[in-house]
Amino acid sequence: MITKMEDKKVKAQLLEIYNLLFSKYGDQHWWPANTKFEVIVGALLTQFISWKNVVKAIDNIKASNLLDVHKLHECDIELLKELIRPAGFFNRKASILKSVMTFLVEEYEGDLDKMFLTSLDVIREKLLKVKGIGPETADSILLYAGMKEIFVVDAYTMRIFTRLGLLKGDEKYHQVQEFFMKYLPKDVDLYNQYHALIVKLGSDCCHSKKPKCDKCSLQDLCQHQAL
Ligand code: SF4
């Protein structure tokens with residue numbers, strides 16, 4: 001059982017990590033998109049692929065004047081596959097995009113403001129029932145498009161916080177999410193920036209095979225350093 005004293009220590013550690021990352025990398029300006037709908041499309045396309053390829057796919061959709069929930073809902077799926085080909089897994093992703101558009105149109109008449117007026121728990125449960133949407137994608141949509149108070153967990157979060165010694169490494173998604181949401185202040189802007197900074201550190205230094213610990217601003221806190 002974690003004592004009150006340890007509780008305080010974990011809270012302080014999480015904020016210290018945040019401050020070190022923010023000092024090094026600054027505001028990440030997430031999510032890189034102009035509209036809520038663009039956030040949703042980006043969150044669906046970014047699975048298993050680097051962001052630069054997602055940008056190419058979104059640019060193709062924009063160039064075809066299809067970055068709109070009703071237009072994507074109605075557009076031919078073969079055309080959609082071609083447009084999103086740069087984002088990889090285009091058969092699967094086109095099918096997921098179509099499922100999500102159908103969900104948005106049928107549940108909310110394509111009105112994202114209407115969707116995000118619904119409570120966090122209700123939308124999350126509905127999103128998780130849509131084909132191809134897992135917790136990380138649902139939470140990215142809720143936090144970055146809906147400004148909802150939910151912490152996003154990804155593979156970088158697991159790797160970095162296990163190496164730091166704050167996770168064991170075998171936790172499930174919801175357990176890691178509960179950990180952050182228990183110890184961090186409830187603050188949408190903090191959740192937004194914290195996840196973005198974790199992704200930045202993961203892509204910059206904390207690689208799976210050979211982490212670049214010598215350039216990491218968390219090296220004094222990290223247990224992996226001592227191995
Ligand atoms: S010190 Fe190394 S292992 Fe630890 S978080 Fe930084 S890059 Fe990752």
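A cavity, on a 1 Å grid over the protein atoms alone, is a set of points where a 1.4 Å probe fits but cannot get out, whereas a pocket is an open set with protein on both sides within 12 Å along at least five of seven lines; lining residues have an atom within 4 Å of a point. Grid points are joined across faces, edges and corners, and a volume is the space filled by probe spheres set on the points.

The exercises below use a predicted model, in which local features need pLDDT of at least 70, side-chain atom pairs count only at pLDDT 80 or more, and totals for chains, interfaces and linings use all residues. Residues are numbered from 1 along each chain as its sequence is written, and side-chain values use heavy atoms, with hydrogens and water left out.

**Exercise 1. The enclosed space**

Task: Find how many cavities of 30 Å³ or more the structure holds, and describe the lining of the largest cavity.

Solution:
- Start with the count: there is one cavity of 30 Å³ or more.
- Next comes volume, and the largest cavity has about 110 Å³ of space.
- Now look at the walls: 15 residues line the largest cavity, and Cys206, Pro211, Cys213, Cys216 and Cys222 lie nearest its centre.
- Finally, sort the lining by character: ten residues are nonpolar, three polar and two charged. Here Ala, Val, Leu, Ile, Met, Phe, Trp, Tyr, Cys and Pro count as nonpolar, Asp, Glu, Lys and Arg as charged, and the others, Gly among them, as polar.

**Exercise 2. Two domains and the largest pocket**

Task: Work out which domains and helices supply the lining of the largest pocket.

Solution:
- Begin with the division of the chain into domain 1 (4-29 + 152-226) and domain 2 (36-145); such bounds come from an automatic or database domain assignment.
- The C-alpha centres of the two domains lie 27 Å apart. Ten residues of domain 1 are in contact with seven residues of domain 2, where contact means heavy atoms within 4.5 Å.
- Turn to the largest pocket, which holds about 520 Å³ of space. Its lining has 23 residues, with Trp30, Thr46, Glu136, Asp154 and Val199 nearest the centre.
- Each domain contributes at least three residues to this lining.
- By helix, helix 9 (135-145) and helix 12 (188-204) each give at least two residues, and helix 12 has the largest share, with five. Helices are DSSP runs (H or I, at least four residues), numbered from the N terminus.
- The lining of the largest pocket divides into eleven nonpolar, nine polar and three charged residues.

**Exercise 3. An aspartate in helix 9**

Task: Decide whether aspartate 139 is buried or exposed, and find the side chain that it joins in a polar contact.

Solution:
- Locate aspartate 139 in helix 9.
- Check its accessibility: aspartate 139 counts as buried because its relative accessibility is 0%. Buried means under 20% relative accessible area, exposed over 50%, and partly exposed in between (1.4 Å probe, protein chains only).
- Then look for a partner: a polar contact of 2.7 Å joins the side chains of aspartate 139 and tyrosine 173. A polar contact is a pair of N or O atoms within 3.5 Å; within protein, one must be able to donate a hydrogen and the other to accept it, and residues adjacent in sequence count only if both atoms are side-chain atoms.
- Leaving aside neighbours within four places in sequence, the contacts of aspartate 139 include Arg124, Phe151 and Gln177.

**Exercise 4. A covered helix**

Task: Count how many residues of helix 2 are buried, and find which helices they pack against.

Solution:
- Helix 2 (residues 36-45) is mostly covered, with nine of its ten residues buried.
- Among them are Phe37, Glu38 and Gly42.
- The helices that the buried residues pack against include helix 3 (51-63), helix 6 (90-108) and helix 9.

**Exercise 5. Backbone oddities**

Task: Find the residues joined by a cis peptide bond, and place asparagine 65 and glutamate 109, which have positive phi without being glycine.

Solution:
- The cis bond joins tryptophan 30 and tryptophan 31, with omega about -5°. Tryptophan 31 sits in the loop between helix 1 (4-25) and helix 2.
- Asparagine 65 has phi of about 55° and belongs to the loop between helix 3 and helix 4. Asparagine 65 is exposed, at 52% relative accessibility.
- Glutamate 109 has phi near 55° and is placed in the loop between helix 6 and helix 7. Glutamate 109 is also exposed, at 56%.
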